[in-house]
Amino acid sequence: MAKVSSEALGNEPIGKLLIKQAVPASIGILVMSLNILVDTIFVGNWIGPTAIAAINVVLPVSFFIAALGMAIGIGGSSIISRALGSNNAVKALKTFGNQITLTILITSIFVIFGLVYINEIVPAFGGKGGIFEPAKVYYRIVLYGVPILALCMMGNTVIRAEGKPKFAMYAMMFPSVGNLLLDVLFIKIFDWGMAGAAWATTISYVLCFLFVLWFFLSKHSELKINFKHFGLDRPIVKEIGALGFVTLTRQAIVSVTYLLMNNILFDLGGETSVTAYAIVGRMLMFALFPIYGITQGFLPIAGFNYGAEKFERVKASIITAIKYAALLATIVFVFLMVFPEFITRLFTQDAKVLIETPPAMRWVFAATPIVAIQLIGSAYFQAVGKAIPALLLTLTRQGFFFIPLIFILPNYFGALGVWMAFPISDVLSTIVTGFFLYREMKVNLDPKIVD
């Protein structure tokens, strides 16, 4: 059954297949990113610039817990893609059942911990001064829905592993549109302030979950699991953990980065600098959506063909994905270099924020044209089940380079040093990833050696 639906991953031309996989992924990420972007614009204009900073404080905590679901999803989906490629439906079903069990158990534990220590966690992530109270209100409500979000993120990756990118796109679109409509209702009409923004976000997670649940219960999904598949299987859990740990580590580093950035920037420039970072952070999520879409579309193609031992197709998918992503990244780069002032004004009219944010945005996106190599390279190793190189390459940008730089450069350049750390770490991590990816293609994917 699995082979009938997913066989296109191993047969269609790579360029056509990548577009077919990446376009729905890009649209889904675009809509989700627009949701975050417009949500921030609504909050900034209807509540105030401090509210933007408050949400920026909460995001790394809630996203880290939700990323547990994404980690389990991507780790398990790598197994599912390779299982489908080798026509092993039994392993695919068992893996999916284990993903659900793990997501519910682990995220629930973290949410309980996060609620118990709310007064310690919010200030630790930069929720100080006037930011603390609105951040606490938003944090508490959003955290209630995070396990639901984790299940959505896990389910979305499995939908892609089945070769159903359009349904994965819909799963991202419905809650995004719902969140914006609820923002207008709760913030603008009901005047609920931060609580309204939080409830709009939480209810949107429920909308996403309902759609994902419908998909797996419908005729569109091949993965028809039953209760026996929910029982944890040690080898599968171990493999999910090894591969998912890469994604979890990536999100953990992102959360640590938010923590450090919010605190360093608060010390250097107060609430204005934290707000500037929040705006730039939203653009990092939004502007790179086509590159992330290419990466998402690339994962099941590489995983399926590697499982089917079609190594020439794996190599072709890497090269094609990098070309497409690099072209799109260059377009994004030009746009952000030309219009940072206009973009900033969409979020706020605060004079101080308008002065600080545009030059920061230019620095942050200065190396955007080359990020495709880093993203596709680290994604490849994860897709084919090579957890250790995937983990190390994931750590290069923020763990090995960016975090040390944000401690070193401000000593010489002040707040400018924080923004300079972005392109420098991008360049260094791309060089490292490019080296390992090139070696992998020559040693393990060269058809002459494989034959």
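## From helix α3 to the core, the pocket and the cavities

L18 lies in helix α3, which covers residues 14-46, and in this predicted model L18 has a relative accessible area of 1%, which places it among the buried residues because buried means under 20%. When neighbours up to four places away in sequence are left aside, L18 is in contact with V23, I294, G297, F298, I301, T320, A321 and Y324. Between L18 and G76, which stand 58 residues apart along the chain, the C-alpha atoms are separated by 21 Å.

One of the contacts of L18 is F298, and from there the reader can move on to the nonpolar core. Apart from residues up to four places away in sequence, F298 touches L18, S317, I318, A321, I376, A379 and Y380. F298 also appears, together with M261, M283, I318 and Y380, among the residues that touch the most other members of the largest nonpolar core, a set of 135 residues. Helix α10, residues 234-287, gives the largest share of this core, namely 20 residues.

Y380, another of these core residues, is found in helix α15, which runs over residues 371-383. With a relative accessible area of 0%, Y380 is buried, and, not counting residues up to four places away in sequence, Y380 touches F298, Y306, V314, I318, L437, E440 and L445. Y380 and T249 are 131 residues apart in sequence, while the distance between their C-alpha atoms is 16 Å.

The next stretch to follow is helix α4, residues 49-85, where a kink of about 30° lies at L59, shortly before the proline P60. Of the 37 residues of α4, 32 are buried, so this helix is largely enclosed by the rest of the structure. Just after α4 comes N87, a residue of the loop between α4 and α5. N87 has a positive phi of about 65° although it is not a glycine. Such a value deserves a remark because most residues other than glycine have a negative phi. As for its surroundings, N87 counts as partly exposed, since its relative accessibility is 46%.

A second residue with this kind of backbone angle is D191, a residue other than glycine whose phi is positive and near 55°. D191 is found in the loop between α8, residues 165-189, and α9, and with a relative accessible area of 64% D191 is exposed, because exposed means over 50%.

Beyond the loop that holds N87, the chain can be taken up again in helix α5, residues 89-116, where T95 has its place. T95 counts as buried, because its relative accessibility is 0%. Leaving aside neighbours within four places in sequence, T95 is in contact with G76, I79, I80, I236 and I240.

Helix α5 also leads to the largest pocket, in which about 310 Å³ of space lies. This pocket is lined by 15 residues, and the closest to its centre are F96, I100, L213, F216 and I225. The elements that give two or more residues to the lining are α5, α7 (132-161) and α9 (193-217), with α9 providing the largest share, 5 residues. By class, the lining of the largest pocket divides into 13 nonpolar residues, 1 polar residue and 1 charged residue.

The model also contains enclosed spaces, and the count comes to 2 cavities of 30 Å³ or more. In the second largest cavity lies about 140 Å³ of space, and the residues that line it are I74, S77, S78, S81, T157, R160, A161, Q296, L299, P300, Q382 and A383. Two or more residues of this lining come from each of the elements α4, α7, α11 (289-307) and α15, and α4 gives the largest share, 4 residues. The lining of the second largest cavity has 5 nonpolar, 6 polar and 1 charged residues.

Notes. Residues numbered from 1 in each chain as written. Predicted model: local features only at pLDDT ≥ 70, side-chain atom pairs only at ≥ 80, totals over all residues. Heavy atoms only, no water. Buried < 20%, exposed > 50% of the residue type's maximum accessible area, 1.4 Å probe, protein only. Contact = heavy atoms within 4.5 Å. Bend = angle between axes of the 7 residues up to and from the residue. 1 Å grid on protein atoms, 1.4 Å probe; cavity = no way out; pocket = protein on both sides within 12 Å on 5 of 7 lines; lining within 4 Å. Points joined across faces, edges and corners; volume = space filled by probe spheres on them. Nonpolar A, V, L, I, M, F, W, Y, C, P; charged D, E, K, R; others polar. Core = buried A, V, L, I, M, F, W, Y, C linked by side-chain atoms within 4.5 Å.
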